[in-house]
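Work through the following exercises with the structure in view, and try each task before you read its solution.

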Amino acid sequence: MSKIVQRPKLKWSERLYLPAIFGGMKVTLRHFFAILTRKKKVTMQYPEEKWDAHLPNHYRGAPTLVMDEHGRERCVACQLCEFICPPRAITIHPEEIASDEKWAKVEKRPKTFEIDMARCIYCGLCQEVCPEQAIFLRKDYVVVGHSREEMVHDKKRLYELGQTMDGLVHKWNELK
Amino acid sequence: MSEPTTSDLVDVQIDGVWHQFPKGTRIIEACRQVGVEVPHYCYHPKLSSPGNCRMCLVQMGTPPRTAPGAEPTAPDETGHLPISWSPRPIIACANTVSPNLGIRTKGDLVDDCRKGVLEFLLANHPLDCPICDKAGECGLQEYSMEHGVGQSTFRERKVKKPKNVDVGPRIRLDDERCIMCSRCIRFVDEIVDDPVLGFTDRGSYTTLMVYPGRELANNYSLNTVDICPVGALTSNDFRFQMRVWFMRETKTIDTNCATGCNITVYARENKIYRVMPRRNNEVNSDWMPDSHRLSFHWIDGEDRLSDPMLKAEGGFRTANWIEVIKAAAKRLSGLSGDQIAIVASARMTNEELYVVSKLAKQLGSELLATVPRQGEPDGYLISADRNPNTNGARLILGEKAVSGGLDRVKSAIQQGQIKALLVFQEDLIADTGLDGVSLKKLDFLLVAHSCANETTAIADIAVPAACWAEVSGTMINGTGRLQRLNKALEGPGQTLPVWEIARDLLRALGSDDNCQSVTEIFRHLADDVAEFKGVAWGQIGDQGMPLIETGEIIPLLERERERKAAGIIVG
Amino acid sequence: MDWHLLIAAGVKIVVFVFLLTLPLVAMAVWAERRVSAAIQDRVGPNRVGPMGLLQPVADGIKFLLKEDFTPAHVRKTFFWLAPTLVMVPALLTSAVLPFGTKLFGEPMVIADLDVGPLFIFAVASLTVYGIVLAGWSSNSKYPFLGGIRSSSQMISYEISLGLSVVPLIMLYGDLNLGHIVREQAHNGWTLLPLWGEGLSVRGLILAIPMFISFVVFTTAMFAETNRLPFDLPECETELVAGYHTEYSSMKFALFFLGEYAAMIVGSGLCVTLFLGGWSLPFGWLTPADTAVDVPFWQGLIHIGVFFAKVIAFILFFIVIRWTLPRFRYDQLMKLGWIYFFEIAVLNIILTAVLMWLLAPGSAA
């Protein structure tokens, strides 16, 4: 449906444009002086002042891998996060868990698990899709590096950031 | 095949619509033919139907039985009798159609049956889809989401069964995942005559096992992985390598023997992860040998040639195509036709062979050969001829090149008549008994091959040629069937298909041939070679087309046809 | 050969252009960022040095160290030539601006030309070649459109720019900028004739066309320097970055700095023509004659006054930029050709008529 908006009829003073310029400058200068005289403060001086304490629990920072309270890595390398990841930041190479290891019945784990943080868009789809509750977006938002390689979080780094998470569903229990 | 006469046909109502089918058609096939899908696990058209999974339950109805003395019910205006529906479902896979039969594949009864069957299956099936290789193409996953409740409602302790069992050199068995459809048992028994699988502990603890002291080791064992509807049988080669949803499928054909099994290549990011047989009832049915299935790993191997190499002082140096072709043309232009020989390969496509034959004409060379490869037929699918396209080579290069051509080339080389030799896709030293000493008598040796080998090592120019997975083209199999290859991968580095290499060489030698695509070459080929007359590229399709009569038969197909004629299988 | 003159000119060039104007360019960039931040309730660059004052240095280092990328598809010669063609004319025009009275007995102007405004217009109009060349040689559609827009815009507004100065020249009867400033110092600024001979009926009435001239001149100056609200050649929402889309590193910096240099020289010209140049109001500390030598401290004050005025004008430029939205291209052309051109012409006639009516010898 189209709607025709009538062009407003302007008074000659409005058509002159100059008053509008001064009107505009009044607004900008008001803000200018308010900030200049420190009557108003909006910006937080980031590295010195931080908002961290106020971050909500659902804050989407860097994606990480977590262990459960038994020290088992929860990820089984199903690669669903790799599949869902919109910017294709995740690369997983799975491997089989040797039969003499403690969690051999899980059979599969990631040999390498890499998240390219230069690509990650912090959308949280990996966390949402994970069938094992193994990947969580934590509150780390300072992800920096001097090279592209440094920006790739490998499995070790992901577990460092993710640590252990309690209170999750234990799928690999005796009942199974 | 003759059209069935009207008397052979029976009227069947499927989901409210009347159709006609030949007598003896299984209900499940009748439904499939009219586009109604009946979910099933144990049924497989190439195997007998034990009817043990109960997944294909449908509701059935027959005309009302006339009571003694009563008037028979009159047909309605369409000529059909009313149907009185049975309250008891029947399996669609083992029952055949009968006159005036009614089938319902929807409705409360059928839905409840399916839901119930799936609930039973999920009672003990582990929900380990995240680690299961079958996830994404698993029958249980699909039907659970489509017809079941989508999860296990069983809260008690599940039955524990053996996991990760080594049943054979190439296969791992997870008994907890098995849903007892028995497809694998029937396959090894009926198709490959190696009945090593069976159920034990029947009841709640039914377990699939290998006969003690035996193993599932026959050359067709991996087909059981294909037909397993769940992830109970997994291939060691593919296990945990790649999730199925990442891979791109390319329909092509196997090039390990003259049978030319139809296959699907599964690849991701230019790497093949698995090869699976593709149904073609004229070539390989639904099966393929393990040896052929697993022979793709060399494609991303270390010894692939990736750049054209020019012989330089103390070895080779990498070059580009322009200088290599220029150098080759310069070396060839001074020679007369009888000083040049060409060894092509019956592993090349018809199109590649055709451009090579043109090159031979341009050079005036009469000495053309292919390398024969004979082996023992296995009595199932593997042909004695291990070259996939001997028939194509015969038609395009001539009978002389295929039989005895190699011996003539060899003796000519040894006598020193030959100054220059062009070799396409063959390793002469490893496969023909020619030795480096006699090859070094040549002034000029050009080798186009996918891999570095002993022959490329002594070549003056070695160039990288695309392998079977990297080209499109056609081949003629042992039975004379023209089949198509489709390109699944990009070759490494500067790799080019043989037809492009030969064409560039042709042009550098002064020909104005400028074919730009395989389809274009095929058009010229169809004009040029009598047997191809009138065949168009688009006509070949995914299933191929018979081109010539060779009289060769595929034993496995013959046996399947017998079983089909006997009514044991649907075929 | 008068070595004394050459050395003096050289020193003046070094001091005025390289030690005053170029740092002022850098500071203008800093001011732009801080002022815009304040206007938008932000902080702006405040990390490098006290109050972020060294930010321009950091920017400069960054520009120098960035990869100097030349795309393969450009016409190299012109592509490399264009940034200098933007920067050089902007600096060249500053040669005739009188930025003080005298220091060590030297007149504080690099070239005391008798055709100051003409020289400025002649040289400043060369800037358009830089932009057009940049747009054309980039061989890419957005720079090309930016170049086309820029050429038509600058050519259009040059006319109003030139015509708007004519009344002023008529009033002062001189083309030497030094003389114009001196006249203002004694007899009231062009826009503020409140002392000396200016404070008369004639002076006050003639201030009206001068004000019109000022508005037209300033607006045209905005258009000439490609500043908002007339930055159509590089308007990012339509043209990515306009004519300098394909530029990077120091070549881009030259465009960027050229814009600010043009802005500073434009401000200087405006100050010289309309706001009395180096002079203080009401004739304070004004030397009576060119021949009179001024004390050293007075000379310094005059230079300071000039730059204070220029800086104030630059701040005006900046505030305008962050206040007004961009004009549409057709509005820009309409404004240039239908309004400002006519207003400038009529203003000349008005001035002429007023001058004739109010001539000192006439009846009035």
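**Exercise 1: Two crossing helices**

In this predicted model, the crossing of helices α8(B) and α16(B) is left-handed. Task: find which residues make the contact between α8(B) and α16(B), and decide how the two helices are oriented to each other.

Solution. Begin by locating the helices in chain B, where α8 covers residues 350-363 and α16 covers residues 518-528. Next, consider their axes, which come within 9 Å and cross at roughly 65°. Because angles from 65 to 115 degrees count as roughly perpendicular, α8(B) and α16(B) are therefore roughly perpendicular to each other. Then look for the residues that touch: α8(B) contributes B:Asn350, B:Glu351, B:Tyr354 and B:Val355, while α16(B) contributes B:Val518, B:Ile521, B:Phe522 and B:Leu525. Finally, sort the residues of this contact by character, which gives six nonpolar, one polar and one charged.

**Exercise 2: Positive phi angles**

Task: for B:Met180 and B:Asp193, state where each residue lies and whether it is buried, partly exposed or exposed.

Solution. As background, most residues other than glycine have a negative phi. Start with B:Met180, whose phi is near 60°, a positive value in a residue other than glycine. This residue belongs to the loop that links β8 (171-173) with α4 (183-191) in chain B. Since 18 other C-beta atoms lie within 10 Å, B:Met180 is partly exposed. Continue with B:Asp193, where phi is near 50° and is again positive in a residue other than glycine. B:Asp193 sits in the loop between α4 and β9 (197-200) of chain B. Here the count is 12 C-beta neighbours inside 10 Å, and because a residue with 12 or fewer is classed as exposed, B:Asp193 counts as exposed.

**Exercise 3: Where chain C touches chain A**

Task: describe how many residues each chain gives to the contact between chain C and chain A, and what kinds of residue chain C offers there.

Solution. First count the participants, which are 10 residues from chain C and 12 residues from chain A. On the side of chain C, the largest share, three residues, is supplied by helix α1 (residues 3-39) of chain C. Sorting the residues on that side of chain C then yields seven nonpolar, one polar and two charged.

**Exercise 4: The domains of chain A**

Task: give the bounds of the domains of chain A and the separation of their centres.

Solution. Chain A is divided into domain 1, residues 11-43, and domain 2, residues 55-172. Taken over C-alpha atoms, the centres of domain 1 and domain 2 of chain A are 51 Å apart.

Conventions: Residues numbered from 1 in each chain as written. Chains lettered and ligands numbered in written order. Predicted model: local features only at pLDDT ≥ 70, side-chain atom pairs only at ≥ 80, totals over all residues. Helix = DSSP H or I, 4+ residues; strand = E, 2+ residues; numbered from the N terminus. Nonpolar A, V, L, I, M, F, W, Y, C, P; charged D, E, K, R; others polar. Axes fitted to C-alpha atoms, helices over the stretch in contact; angles between N-to-C directions. Parallel < 35°, antiparallel > 145°, perpendicular 65-115°, else oblique. Left-handed = near helix turned anticlockwise from the far one by under 90°. Contact = placed C-beta atoms within 7 Å. Domains from an automatic or database assignment. Buried ≥ 20, exposed ≤ 12 C-beta atoms within 10 Å, placed from the backbone.
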